[in-house]
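Trainee: I am new to this structure and would like a close look at one part of it, along with whatever packs around that part. Please take it slowly and explain each term when it comes up.

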Amino acid sequence: RENKKEIAMANEAILAKFLSIYPEFAPVLQSEAQIQSFNAIVSKVSCLYPEFSDLEKCCQSYPFFMLVAHYFVMGGFSASINITAQSGLVASSSVGDVSISYQSNPSAKDEFSYFLSQTKYGQEYLAWLKRQSGLVIVN
């Protein structure tokens, strides 16, 4: 029982911190079912990205919540508030009455970036990730 209580309290704290960063998700995190879906995504992201284990540190919590928001949108849980995934880049050309459009598919080496680029939260994570791999000079 204590363990369940501790888990519930931890989940509530995670949800509260997430909503403080991304308040736009509040309308779809009201019911018990919605919160359970959110908690399932938090567990999924925790397993997929174990490097973000200390959510008390902002350098770990912010990128973690970017990923949670991305997976939440990709799962379709925010569609009712019009936060949806983008379908990727569409190229088109027209000549006279003829118009051709196509969507380019990612190459095998950039599927991760393509997946993340489909939401603004994933793009935010990609920007953070690129900064982590770059040199930062501080005067």
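**A close look at helix H3**

Mentor: At 12% relative accessibility, Tyr-71 counts as buried, a word that stands here for under 20% relative accessible area, with exposed meaning over 50% and partly exposed the range in between (1.4 Å probe, protein chains only). Before going further, please keep in mind that this is a predicted model, in which local features need pLDDT of at least 70 and side-chain atom pairs count only at pLDDT 80 or more, while totals for chains, interfaces and linings use all residues. Residues are numbered from 1 along each chain as its sequence is written, and side-chain values use heavy atoms, with hydrogens and water left out.

The protein chain has five helices and two strands, which are DSSP runs numbered from the N terminus (H or I over at least four residues for a helix, E over at least two for a strand). Read from the N terminus on, the elements follow the order α-α-α-β-β-α-α. Helix H3 covers residues 58-74, 17 residues in total, and reaches 24 Å from its first C-alpha to its last, close to the expected 24 Å; that expectation is 1.5 Å times one less than the number of residues. Of the 17 residues in H3, 13 are buried, so that the helix is mostly covered, whereas buried residues make up 27% of the 139 residues in the protein chain.

The ring of Tyr-71 leads to the aromatic pairs, of which the structure holds 17. The centres of the Tyr-49 and Tyr-71 rings are 6.3 Å apart and their planes stand at 65 degrees, so this pair is edge-to-face; rings of Phe, Tyr and Trp (its six-membered ring) pair if their centres lie within 6.5 Å, and planes under 30 degrees apart are stacked, those over 60 edge-to-face and the rest tilted. Because Tyr-49 lies in the loop between helix H2 (32-48) and H3 while Tyr-71 lies in H3, the pair ties together parts that are 22 residues apart in sequence. Tyr-49 is buried too, at 8% relative accessibility. One aromatic cluster is formed by Phe-18, Tyr-22, Phe-25, Phe-38, Phe-64, Phe-65, Phe-72, Phe-77 and Tyr-121.

Some of these names return in the largest nonpolar core, a set of buried Ala, Val, Leu, Ile, Met, Phe, Trp, Tyr and Cys residues joined through side-chain atoms within 4.5 Å. This core has 28 residues, and Phe-18, Phe-25 and Phe-38 touch the most other members. Helix H1 (2-21), H2, H3 and helix H5 (120-133) each supply at least two of its residues, and the largest share, nine residues, comes from H3. Leaving aside residues up to four places away in sequence, Phe-38 touches Ile-14, Leu-15, Phe-18, Leu-29, Val-68 and Phe-72, where contact means heavy atoms within 4.5 Å.

Ser-61, which sits in helix H3, is buried at 0% relative accessibility, and with the same sequence neighbours left out Ser-61 touches Lys-17 and Leu-55. Cys-58, by contrast, is exposed, with a relative accessible area of 52%. The sulfur of Cys-58 is 5.7 Å from the closest cysteine sulfur, that of Cys-59, which is too far for a bond, and the structure holds zero disulfides, a disulfide being a pair of cysteine sulfur atoms within 2.5 Å.

Just after H3, Gly-76 takes a positive phi of about 80 degrees. Ser-78 is found in the loop between H3 and strand S1 (90-95), where Ser-78 is buried with a relative accessible area of 0%. Not counting residues up to four places away in sequence, Ser-78 touches Phe-25, Val-28, Phe-72, Val-73 and Ile-83. Ala-79 also has its place in the loop between H3 and S1, but is partly exposed, at 37%; Ala-79 and Val-28 are 51 residues apart in sequence and 9.1 Å apart in space, C-alpha to C-alpha. Asn-82, found in that loop as well, has a positive phi of about 60 degrees although it is not a glycine, and Asn-82 is exposed, with a relative accessible area of 70%.
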